[in-house]
Amino acid sequence: MMHMTFYWGRSVTILFDSWQTDSWLGYFLSLLALLLFSAFYQYMEERRLRLKLLSVAKPPPSSAAETPLLRKLSGRRPYRIAGAVLFGVNSAIGYFLMLAVMSFNAGVFIAVVVGLAAGYLAFRGGDEDVVVVDNPCACA
């Protein structure tokens, strides 16, 4: 029977029936895998945001008469496709992490949260402020 409240223990089923832990070694290896997977999620999110910055970067105008409405956007299509693929992969990883936390094992919860925090610190917590605005009307 599945737990409906947080519990501590080494016996946990994570995501699949075949991913069950019955020993302390298996439990700690599973927690380590979830921690690394959570950090990888933050890495992928950082890569997606960098790609988004590349896709919205405006090339210098070739002439003074060029208007924004008449520019060709075909050069940005590969960035948009790659961004969509990264978004899909990152969404899948995020849902897998959410489902792992829904095992209600406190160790799994802590491993995912610590992995997300460590990944954020390592990959997205730099001094530079990266702002990506999806809504073009929000730019001032």
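# Salt bridges and helix packing in a predicted model

Tutor: Let's start with a pair in this predicted model: the side chains of Glu45 and Arg48 come together in a salt bridge, 2.7 Å from N to O.

Student: What makes the contact of Glu45 and Arg48 a salt bridge?

Tutor: The cut-off is a Lys or Arg side-chain nitrogen within 4 Å of a carboxyl oxygen of Asp or Glu. Glu45 and Arg48 have N to O at 2.7 Å, so the pair fits that definition. In general, side chains of opposite charge can pair when their charged atoms come close.

Student: Why are Glu45 and Arg48 about one helical turn apart?

Tutor: Because they are three residues apart in helix α1.

Student: Are Glu45 and Arg48 buried or exposed?

Tutor: Both are buried. That word calls for under 20% relative accessible area.

Student: How many salt bridges turn up in the whole structure?

Tutor: Three. Another one pairs Glu46 with Arg47, with the closest N and O atoms 2.9 Å apart. Then Arg50 pairs with Glu46, and there the closest N and O atoms are 2.7 Å apart. Arg50 and Glu46 are four residues apart in helix α1, so about one helical turn separates them.

Student: What makes Glu46, Arg47 and Arg50 one network?

Tutor: Shared partners: the salt bridges join Glu46, Arg47 and Arg50 into one network. Glu46 bridges to Arg47, and Arg50 bridges to Glu46.

Student: Why is Glu46 called buried?

Tutor: Its relative accessible area is 10%. Buried means under 20%, so Glu46 qualifies with its 10%.

Student: And why is Arg47 called partly exposed?

Tutor: Partly exposed is what lies between under 20% and over 50%. Arg47 has a relative accessible area of 38%, so it lands in that middle class. Arg50, at 31% relative accessibility, counts as partly exposed too.

Student: Which residues does Glu46 touch, not counting those up to four places away in sequence?

Tutor: Phe123 and Arg124. Glu46 sits in helix α1, and Phe123 and Arg124 are on the α3 side of the contact between the two helices.

Student: How do you know that α1 and α3 pack, and at what angle?

Tutor: Helix α1 (residues 24-56) and helix α3 (residues 106-124) pack at about 35 degrees, and their axes are 7 Å apart. The crossing is right-handed. On the α1 side, the residues that meet α3 include Tyr27, Leu31, Leu34, Leu35 and Leu49. On the α3 side, Val108, Ala111, Val112 and Leu116 are among them.

Student: What is the make-up of the α1 and α3 contact by class?

Tutor: There are 15 nonpolar, five polar and three charged residues.

Student: Which residues does UniProt list as "transmembrane region"?

Tutor: The unreviewed UniProt entry gives residues 24-44, 79-98 and 104-123. In the model, residues 24-44 are 100% helix and 0% strand, with end C-alpha atoms 30 Å apart. Residues 79-98 are also 100% helix and 0% strand, and their end C-alpha atoms lie 28 Å apart.

Student: What does the secondary structure of the chain come to?

Tutor: Three helices and two strands. From the N terminus on, the order is β-β-α-α-α.

Student: How many residues are in the chain, and what share is buried?

Tutor: Of the 140 residues, 24% are buried. As for contacts with a separation of 6 or more, 74% come from residues 24 or more positions apart.

Note on methods:
Residues are numbered from 1 along each chain as its sequence is written. This is a predicted model: local features need pLDDT of at least 70, side-chain atom pairs count only at pLDDT 80 or more; totals for chains, interfaces and linings use all residues. Side-chain values use heavy atoms; hydrogens and water are left out. Axes are lines fitted to C-alpha atoms, for helices over the stretch in contact, and angles run from 0 to 180 degrees between N-to-C directions. A crossing is left-handed if the near helix is turned anticlockwise from the far one by less than a right angle, and right-handed if clockwise. Contact means heavy atoms within 4.5 Å. Ala, Val, Leu, Ile, Met, Phe, Trp, Tyr, Cys and Pro count as nonpolar, Asp, Glu, Lys and Arg as charged, and the others, Gly among them, as polar. UniProt positions are given in the numbering used here, feature names are shortened, and annotations may be inferred rather than shown by experiment. Buried means under 20% relative accessible area, exposed over 50%, partly exposed in between (1.4 Å probe, protein chains only).
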